[in-house]
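I am keeping notes on what I look up in this structure, one topic at a time. The entries follow the order in which I looked.

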Amino acid sequence: MKDSFRQSMKWFHTWVGLIVGWVLFFMFLTGTLGYFYQEITRWMEPERPFIEHNISNERLLDIAQAYLINNAQGVDEWDIMLPSVRDQNLRVGWRHPAEAGKKRGKYKIKVLDANTGDEIERRATGGGRLLYRMHYRFHYLPTEISYWIVGFCSMLMLLAVITGVVIHKKIFTDFFTFRAKKGLLGWLDIHNVLSVIALPFHFMITYSGLLFFLFTYMVLSTNLQTNEDELDAMLDEIYPRTAHLEKANQAAKMLDISILYQQAKTTWQADELSYVEMFAANDVNAHVLFVRHETDITYNPEDEVMVNAVTGELILQKPKEYTVTSMIHNGFFSLHEGHFAGSIARWIYFFTGLIGSAMIASGLILWTTKRKPKQLKNPNGPDFGYRLVEQLNIGTIVGLPIAIAMYFYANRLLPVDMANRVNWEANVMFISWAMLLIYPIFRPANKAWYEQLTLAALVYFALPLVNVLTTNKHLGNSLLQQDWNLAGFDLTLLVVGGCFAFAAYKFRALQVNIRPSKQAIKKVEKQCVQAMNESLLPLQQVNKDQC
Amino acid sequence: MLVLISFSFAAMMLFCLAMTKHRKQVLEDEISSLTVRFFRPFAWLLLLFTGYLSVDMYGWSIGPALFFGALTIAILLLILLLTYRAKIVPPLAVIMPLIASIGIFIN
Amino acid sequence: MSNLIDYINFSSPRWPVFSRVLAATFGGYALAIASSLLISQLLVHVTGKYQAIHIGLILTFLVYVCAAMWVFSVKTAKKAWIGLLKSIFFCLALTWLLAKITGVAN
């Protein structure tokens, strides 16, 4: 297309990145937040109690079971989620009866107080889950359309990653290069560095993202090769499910879950329960599945222990069989979602996700920086395309983080008993984002950047303060209670605020350096005049550079 | 994890110092070109060792993933230091692995 | 109507680009699907039917990437279309041939 393959790919990389860059930034940022979605949800439901140290698993199971016996009569399947490093509250959940006109009822989770066993009334909120699900189910669009748009964007992202590697001529010689003070080259270096240091992650995240909806995107291929039954069989092979006994419709008395748990404890040689699933409750075939935390990206049969709820005996299950391709496919999913990740690994996932978002942002900024000198010389002002990109940059790269903070503000400030509260928290986020996208239209780019950066810093610094004023789950208390997850959220807000403040400061400093200050100009003028007046030398010998 | 990051940092530093342009940034004295020739192979060995360590510590399933994570952090740290505080890179590349290894033995 | 024809500049360099975009998007998709059929057919006796189809499907994205990159690097848009159509035909023909030879129905 252009003279050389590399030049064609450079053109291609630029266009592919530009067309969907802002959508990809949104996907990357909300997805990255998803690595901490349980922690975010916990912060967004401040009615939940602080962490309870030192309550045994058996006691928690008893409390949960007592609640379920009283409140979930007639329900065949329910779950108990024990407090974990990520979500420190005891929770129970089951599928409620279907509402009129709907096929399935909603699965609802209740948070229980570990001391009293009562349900805790929480404000209605989408929590961290709604926030991260936006990264593949755009909020206002029907899910099918979202999946296709996400697929299109992910495909372009994959193209960008691969063409990026192809065009990076000096990928090894320039590996460690970062020319910090040199404007355009500096931005190019940042973009290159951020892409290269996490290249395996970027490729994995994009490819695994596409794999999530493999059967949606490649429906034509599966239709040509399989009929419906074969497709079901193939899907069963790729996503195997644990086999369960069916309900026998014969009532029977069950043992206490805490007693049944001893079987799991013996099998695991450890007291490490994550959640419990009950099947066919109060029936002859009642059985309980005890599951512990994932520590692997591949299936580990020992993670699940099935116990007969009536007799208390261990049910020896046939482990799920994974074919090689199925292991690879699901392995990709595990890598993408990072369920296995402990605390340190999770922070690394989060940090690397931010690197990905910054890679996209730096690419977009690089585009405008490269074209800026030429655009500024334009007699009628910059081109429409350039201005559009610059405004979208400001409104998205700084605007989206501000909008996300607004989501948290809405969680704290909207009335607790407001109707449609979940939708309105999201609406506040998108309305703010829209305003921040429109705002740069009315301001010169430099001013808009600086103002939005400062706004972002203020917004993030103020959020922990609002937390203090509106709830008792603020930083002071969470540190006292050693509830590190809650404390971590507020501390992260402060760090993010600090980053934006630093960015605003650096932005201002760079602007000032480019134009000489008025004082400097006056000083040079004065020297010129002095030289011309005082000197007896002819004019030509006055330093031409200064005047 | 710190062990992985430290050793990755040292390995990447060796790759970096194998290049003249960066050696000038970091070191004041010249190093004989004979010594420099050994930097790259040794760096590869160190990298392989770190990868092996990661699999040993965390298993085949998530070991590689954490190894890449450690590499990411190490390289980012190295590049930032090279730009703003180049001189402390060599001492750091020696001290960090030492401290991390001692930490492992204590635990 | 003639105003419209005057307005659309047919010799603008944007048309070949647009043509390539169409080629990469739809032609690339078609090639990806065709390649998945071929890959399944090649592997069906090695790994069993479902795994063969599965592998073919997983690789479609790589094929799509290569196709798109190729479309935007050849000399003309016409070459891109012709190349894509030739590849698709080749994949489908080979798939059909293999199916006939090995007797596996699709």
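Entry 1, strands of chain A. I started with strand 1 of chain A, which runs antiparallel to strand 4 of chain A, with 4 bridges joining the two. The model is a predicted one. I looked up I80(A) and found V276(A) as its bridge partner in strand 4 of chain A. Strand 1 (residues 78-81) of chain A is also joined by 4 bridges to strand 2 (residues 90-95) of chain A, again in the antiparallel sense. There the bridge partner of I80(A) is V92(A). I80(A) therefore has a partner on strand 2 of chain A and another on strand 4 of chain A, where pairing of strands is counted from at least two bridges.

Entry 2, onward from strand 4. I followed strand 4 (residues 275-279) of chain A to strand 5 (residues 287-291) of chain A, and the two pair antiparallel over 5 bridges. Y275(A) stands opposite V291(A) of strand 5. Strand 5 of chain A is in turn joined to strand 6 (residues 304-308) of chain A by 5 bridges, and these strands run antiparallel. I looked up V291(A) once more, and its bridge partner in strand 6 of chain A is E304(A).

Entry 3, nonpolar cores. Which residues have the most contacts inside the largest nonpolar core? I noted F25(A), M13(B), L78(B) and A67(C), in a core of 155 residues. A second core, separate from that one, has 32 residues, and V92(A), V111(A), M278(A) and V305(A) are among them. V92(A) is the residue I had already listed as a bridge partner of I80(A). In soluble globular proteins, nonpolar side chains tend to be buried together.

Entry 4, L78(B). I listed the contacts of L78(B), leaving aside neighbours within four places in sequence. In chain B they are F9(B), M12(B), M13(B), C16(B) and V89(B), and in chain A there is F176(A).

Entry 5, helix 5 of chain B. V89(B) led me to helix 5 (residues 89-106) of chain B, which has 18 residues. From first C-alpha to last I get 26 Å, close to the 26 Å expected at 1.5 Å a residue. Which residues of this helix are buried? V89(B), A93(B) and P97(B) are. Viewed down the helix axis, the buried residues of helix 5 of chain B fall within an arc of 70°, so they line one face. The face turned away from that buried side carries exposed residues, including P91(B), V94(B), I95(B), L98(B) and I102(B). Among what covers the buried residues I found helix 1 (2-17), helix 2 (20-26) and helix 4 (39-84) of chain B.

Entry 6, chain A against chain B. I find 17 residues of chain A in contact with 16 residues of chain B. On the chain A side, helix 6 (183-197), helix 7 (199-212) and helix 13 (343-376) each supply at least two residues. Helix 13 of chain A gives the most, with 4 residues. By type, this side of chain A has 14 nonpolar, 2 polar and 1 charged.

Entry 7, chain A against chain C. Here 26 residues of chain A are in contact with 21 residues of chain C. Elements of chain A that give two or more residues include helix 1 (5-34), helix 5 (143-167) and helix 12 (324-337). Helix 5 of chain A gives the most, with 5 residues. The chain A side facing chain C divides into 17 nonpolar, 8 polar and 1 charged.

Methods: Residues are numbered from 1 along each chain as its sequence is written. Chains are lettered from A and ligands numbered from 1 in the order in which they are written. This is a predicted model: local features need pLDDT of at least 70, side-chain atom pairs count only at pLDDT 80 or more; totals for chains, interfaces and linings use all residues. Two residues are in contact if their C-beta atoms, placed from the backbone, lie within 7 Å. Ala, Val, Leu, Ile, Met, Phe, Trp, Tyr, Cys and Pro count as nonpolar, Asp, Glu, Lys and Arg as charged, and the others, Gly among them, as polar. A nonpolar core is a set of buried Ala, Val, Leu, Ile, Met, Phe, Trp, Tyr and Cys residues joined through C-beta atoms within 7 Å. A residue is buried if 20 or more other C-beta atoms lie within 10 Å of its own, exposed if 12 or fewer, and partly exposed in between; C-beta atoms are placed from the backbone. The expected span of a helix is 1.5 Å times one less than its number of residues. The arc is that of the directions from the helix axis to the C-beta atoms.
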